[in-house]
Amino acid sequence: MSVFQYALKVAMEYVVGAAPHYEKEELTKACEHLIRGVSSIPVNIPGTHYHKALKDSKKKACALLENIVSWRQLEKRPHGDILGILMDTQDEDGCKLTPNEIHDNVLTLLYLGHDTAAAALTWAVKYLTDNPKLLEDVTAEHETIRQKKTSQDETLMWSDIKDQMPLSIRVIKETLRIANIVEFCYREVVEDVEYKGYLFPKGWRILVAHSAVHSNSEYYTNPGEFNSSRFKIAPKPYTYTPFGNGAHVCLGRELANLELLIFLHHFTLNYRWESIGDTDGSEYAPIHVPKGGFPIAVRRRKSRSMTDGKG
Ligand code: HEM
């Protein structure tokens, strides 16, 4: 399984997790086609991936969502996933979202939520592969958490993530800084602004390049070097923006951090791997990913806590 499939599965769980298994599987397939299509060259004429995605895969995904919504309306009980929240949402006049609005929101979240998280996971694995000592230290952090559990079935708790993973949290922060998964975002100038002698007139579109700030040596010493220790000191305001900033800051940032930390916990504890493809370079697909997707061969790892006889 690729991290893209894994991240889509996770996104499926929080967006339509309460849906029946068959519908979720079918929706996953339709979304895979849709995402592949909309990430291709945007030429909307018959025969292109883009056209097929918008015509067939989107239609199929919306029909499946409609099915799930109809069942839920008959069941008349609350469902604790994002689709459930969207179905219950109403404005001050009691107006609910239309079916099209629900479909668009669900598909947007599935798209934005899985692609970025998968890229972040890939970069994190790559940086850990490049830094074996760091991998051992991160693993030791997770061994300590596991050793405190009294049985194999005791799951990871929020307090473990919040208080017991300082190194892993810094590794994720540094991964997101140096990888610049979303390189930039757009903003529209809503009133004339003068900055350092330049005029940005109202109505202009400007490109805010997170990567330019993240690689500025004024804010980050040796910015090209992966160094998770730098986050022992909080960065200056507005100098760390992997999730954007302001009114449109990423809605899924906390969820993404959680997903990355939980993945690191299980992956470093239970597996070891070797890179079997390109180890250098990167590409845009359309977000920033390691060149060739950084394929790895994975094997089970014998955990120290298990050999010690502890759960
Ligand atoms: C490591 C993973 C992620 C990264 C690096 C990332 C990055 C970003 C960035 C840079 C933006 C633009 C913010 C701006 O314009 O200032 C954004 C927007 C957004 N992200 Fe994420 N994201 C990630 C994961 C997620 C996840 C898991 C979800 C959904 C569950 C999500 C949902 C969204 C949404 C809905 C927006 C649009 C917000 C708006 O325009 O108001 N993202 N993200």
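Helices (at least four residues) and strands (at least two) are DSSP runs, numbered from the N terminus. Keep those labels in mind for this tour of a predicted model.

**Stop 1: the ligand.** Select the ligand. The space it takes is the largest pocket. Now show the residues around the ligand. There are 22 of them, and Thr116, Arg187, Asn245, His248 and Cys250 come nearest.

**Stop 2: the shell by class.** Colour that shell by residue class. You should find 15 nonpolar residues, six polar ones and one charged one.

**Stop 3: the elements behind the shell.** Which element gives the most to the shell around the ligand? Select residues 99-130, helix H5. H5 gives the most, with six residues. Next, add strand E1 (184-188) and helix H10 (253-270) to the selection. Like H5, each of these supplies at least two shell residues.

**Stop 4: the iron.** Zoom in on the iron atom of the ligand. Which protein atom is its donor? Pick SG of Cys250, the single donor from the protein, 2.3 Å away. Then trace the backbone on either side. Cys250 is found in a loop, with helix H9 (210-214) before it and H10 after it.

**Stop 5: the ligand's oxygen atoms.** Show three residues here, one after another.

- Arg187: an N or O atom of its side chain is 2.6 Å from a ligand oxygen.
- His248: a polar atom of its side chain lies 2.8 Å from a ligand oxygen.
- Asn245: show the backbone here, where a polar atom is 3.1 Å from a ligand oxygen.

Arg187 and His248 use side-chain atoms, while Asn245 uses its backbone.

**Stop 6: a salt bridge.** Leave the ligand. The structure holds 17 salt bridges. For one of them, select Lys60 and Glu26, whose side chains meet at 3.4 Å, N to O. Which parts does this pair tie together? Lys60 lies in helix H3 (residues 49-75) and Glu26 in helix H2 (residues 21-38), so the bridge ties together parts that are 34 residues apart in sequence.

Methods
Residues numbered from 1 in each chain as written. Predicted model: local features only at pLDDT ≥ 70, side-chain atom pairs only at ≥ 80, totals over all residues. Heavy atoms only, no water. Near = heavy atom within 4 Å. Polar contact = N/O pair within 3.5 Å; in protein donor to acceptor, adjacent residues only side chain to side chain. 1 Å grid on protein atoms, 1.4 Å probe; cavity = no way out; pocket = protein on both sides within 12 Å on 5 of 7 lines; lining within 4 Å. Sits in = over half its atoms within 2 Å of the grid points. Nonpolar A, V, L, I, M, F, W, Y, C, P; charged D, E, K, R; others polar. Donors = N, O, S within 2.8 Å, 3.2 Å for Na, K, Ca; no water. Salt bridge = Lys/Arg side-chain N within 4 Å of Asp/Glu carboxyl O.
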